[in-house]
Amino acid sequence: MNKLVRRVSALGLACAAAVGTTAVVGGQAMASERVAARVGQQTLDTAALQAAIQPRPEEGAAGAIARVVKGGQVWQGSSGDTVTGRSVPADAHFHIGSISKTFETVVVLQLAAEGRIDLDQTVQHYMPGLLPDTFRQPITVRELLNMTSGLPDVDQGAPDQSADYLIAHRYDYRTFDQVIQDTLRPLGRPAPGPNFAPGTAQQYNSLGFRIAGKLIEQITGNSFRDEVTERIIKPLHLSQTSVPEDRTRMPRPYLHGYLTSGDGRAVDVSEQGGNPSNMISTPSDLDHFITALFQGRLLPAAQLDEMFRLPEGSDGKTLKYFDNSNCTDGKGNPGPACFGAGLMGNPLPDGTVLWGKTGHDLGYANGVFATRDLSMKGVFSVSTTDLNNGRPTALSNRLLMAALKPAGH
């Protein structure tokens, strides 16, 4: 799978571009309960929401499903599939991509609450020899989760892959070990070193979560799939959520994802491989998950706060983001860090902050988000037809604006 496909951008809804604010989240005082209460009192413009998720030919999207909750009102909708011409059920299954990082973070933090993982202990302590000698500085488990490890991203330095290559290799599957070794000890090209000293900056990073997935399996003696299933899926009765591992068959019904081949054909890539952390879910199940998470039903308060805590330097100030791929200052420059552990914060113009995660797999661009008091929640999945490479989609931008728009305005 293309290394860029797995890169996640600002909450997928592109709050900054969509509504004229910035993607900067500064400090811990960003949540505004008063503003959030106002949001919760507004009603949804359901016609605007339905119009927002209709794909347009120039946008590289074949369809979409979405669910928005605000002011006690629930809207769930879908578009048709422009490739097949068929309707799409509003609660169809889809590959959730890096939204699985939020599930994974919950498992690690549960193990921390149980005293089985120390967030301040190092990768080098738990897994001696996993990192090459070029990574001499200690990297803590917390730094894996809040993306301050300085590790290279998955397959960093590998050539970009064409759509035709990805189509041909869509069933490929790699274990955590294979992903880690292919990245840190690649064959036929120089091995990457650290991007920066651990704990000095923040940069989106999937490799850290593959290492954290391996740590979960090492500490528990169980597979990532088993731990997520027993700790989250079963207790919350997420009956439409699964960790398929190397099983490629999609549960029915599902939103079809596509890639456009070199000869212009939209090829269905819904059934695909990946790695052990790949997950499949539905809008209603992800709504249930983020609701339970924010309500404190999955984690004790101290561990839940880790998810909303932005990393700070030794001076007590929020760390800077390393590049301009996420967490910008609104002018295309790197801003303060905006990821906690497994969640990203996105401020809206009125002071409300949406917390959540985006996720991209071949053929899919998704997001789940909510205000911390759950006065507003949303889930979406866009069926893409191009190499989205983690970019926010125009369709998801429209969805955000429609969700913020009160009925009758």
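Which residues is Met307 in contact with, leaving aside its neighbours within four places in sequence? The legends below refer to a predicted model.

**View 1. Surroundings of Met307 in the predicted model.** Beyond its neighbours within four places in sequence, Met307 is in contact with Thr102, Thr105, Val106 and Leu109. Its other contacts of this kind are Leu293, Leu299, Gly340, Ala341, Leu343 and Trp355.

**View 2. Crossing of helices α4 and α11.** Helix α4 covers residues 100-113 and helix α11 residues 283-294. Their axes come within 12 Å and cross at roughly 35°, and the crossing is left-handed. On the α4 side the contact is made by Thr102, Phe103 and Val106, which meet Leu286, Phe289 and Leu293 of α11. By residue type, the contact consists of 5 nonpolar residues and 1 polar residue, with no charged residue.

**View 3. The largest nonpolar core.** This core has 77 residues. Those touching the most other members are Phe103, Ile211, Ile232, Phe289, Leu293, Phe294 and Met307. Helix α4 supplies the largest share of the core, 7 residues. Another core, of 22 residues, lies apart from it and includes Ala61, Trp75, Ala365 and Leu395.

**View 4. Helix α13, residues 394-404.** Because 8 of its 11 residues are buried, α13 is largely enclosed by the rest of the structure. The buried residues of α13 are Leu395, Ser396, Asn397, Arg398, Leu399, Leu400, Ala402 and Ala403. Among them, Leu395 is also a member of the core of 22 residues.

Key
Residues are numbered from 1 along each chain as its sequence is written. This is a predicted model: local features need pLDDT of at least 70, side-chain atom pairs count only at pLDDT 80 or more; totals for chains, interfaces and linings use all residues. Side-chain values use heavy atoms; hydrogens and water are left out. Buried means under 20% relative accessible area, exposed over 50%, partly exposed in between (1.4 Å probe, protein chains only). Helices (H or I, at least four residues) and strands (E, at least two) are DSSP runs, numbered from the N terminus. Axes are lines fitted to C-alpha atoms, for helices over the stretch in contact, and angles run from 0 to 180 degrees between N-to-C directions. A crossing is left-handed if the near helix is turned anticlockwise from the far one by less than a right angle, and right-handed if clockwise. Contact means heavy atoms within 4.5 Å. Ala, Val, Leu, Ile, Met, Phe, Trp, Tyr, Cys and Pro count as nonpolar, Asp, Glu, Lys and Arg as charged, and the others, Gly among them, as polar. A nonpolar core is a set of buried Ala, Val, Leu, Ile, Met, Phe, Trp, Tyr and Cys residues joined through side-chain atoms within 4.5 Å.
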